[in-house]
Amino acid sequence: MRLSGGVESALHCCVALTAADGPVPAARLAELHGVSATYLAKQLQALSRAGLMHSVQGKSGGYVLTRSPEEITVLDVVEAIEGTRSTFVCTEIRQRGPLGASPDACTVPCVIARTMSAADRAWRG
């Protein structure tokens, strides 16, 4: 499983906001983490859409968390950035190649798909 760099940036922004005593501008968050403001804006928008933070307008505006840090899980942030679908997508590789199985022989998920699905459920739990 590989999560996008956006997840790492989003997690660090959430942590930074826990230490802030007020709204933190997106440009400052980008500077703190050495990423482009344009790139980070997409992550901040996703976190806002998920209800984890919101922007405060005005001269001293920026981003703030919408709830206490104890109420925000890593999974909340991952799902805000990556979505809620499983990180493993079975492509039925067992049906390809010279020894590929027929679709009729693949009506039940294989041990790889079952194992990866179980792993996804476990880390989300």
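Before we start, one definition: helices here are DSSP runs of H or I at least four residues long, numbered from the N terminus. Keep in mind that this is a predicted model.

**Exercise 1. Work out how R28 and E31 are placed relative to each other, and how open each one is to solvent.**

Step 1: Look at the contact. R28 and E31 make a salt bridge, with 3.2 Å between the closest N and O atoms.

Step 2: Find the helix. Both residues belong to helix α2 (residues 26-33) and sit three residues apart, so about one helical turn separates them.

Step 3: Check the accessibility. Exposed means over 50% relative accessible area, and buried means under 20%. E31 has 57%, so E31 is exposed. R28 comes in at 38% and therefore counts as partly exposed.

**Exercise 2. Trace the salt-bridge partners of R124, and say which elements they connect.**

Step 1: Start with E79. R124 forms a salt bridge with E79, and the closest N and O atoms are 2.8 Å apart. Since R124 is in helix α5 (residues 111-124) and E79 is in helix α4 (residues 74-82), this pair ties together parts lying 45 residues apart in sequence.

Step 2: Now go to D120. D120 also has a salt bridge with R124, at 2.9 Å between the closest N and O atoms. Here the partners share helix α5, four residues apart, or about one turn of the helix.

Step 3: Put the pieces together. E79, D120 and R124 are linked in a network of salt bridges. For context, the structure holds five salt bridges.

**Exercise 3. Sort the three members of that network into buried or partly exposed.**

Step 1: Recall the cut-off: buried means under 20% relative accessible area.

Step 2: Apply it. D120 has 6% relative accessibility, so D120 is buried. R124, with 17%, is buried as well. E79 has 26%, which makes E79 partly exposed.

**Exercise 4. Describe how β1 and β2 pair up, and pick out the residue with a positive phi in their hairpin.**

Step 1: Get the direction. Strand β1 (residues 53-56) and strand β2 (residues 62-65) run antiparallel, and four bridges join them.

Step 2: Find a facing pair. M53 stands opposite L65 in β2.

Step 3: Inspect the turn. The hairpin of β1 and β2 has five residues between the strands, and G58 takes a positive phi near 115° there.

How values were computed. Residues numbered from 1 in each chain as written. Predicted model: local features only at pLDDT ≥ 70, side-chain atom pairs only at ≥ 80, totals over all residues. Heavy atoms only, no water. Salt bridge = Lys/Arg side-chain N within 4 Å of Asp/Glu carboxyl O. Helix = DSSP H or I, 4+ residues; strand = E, 2+ residues; numbered from the N terminus. Buried < 20%, exposed > 50% of the residue type's maximum accessible area, 1.4 Å probe, protein only. Pairing = 2+ DSSP bridges.
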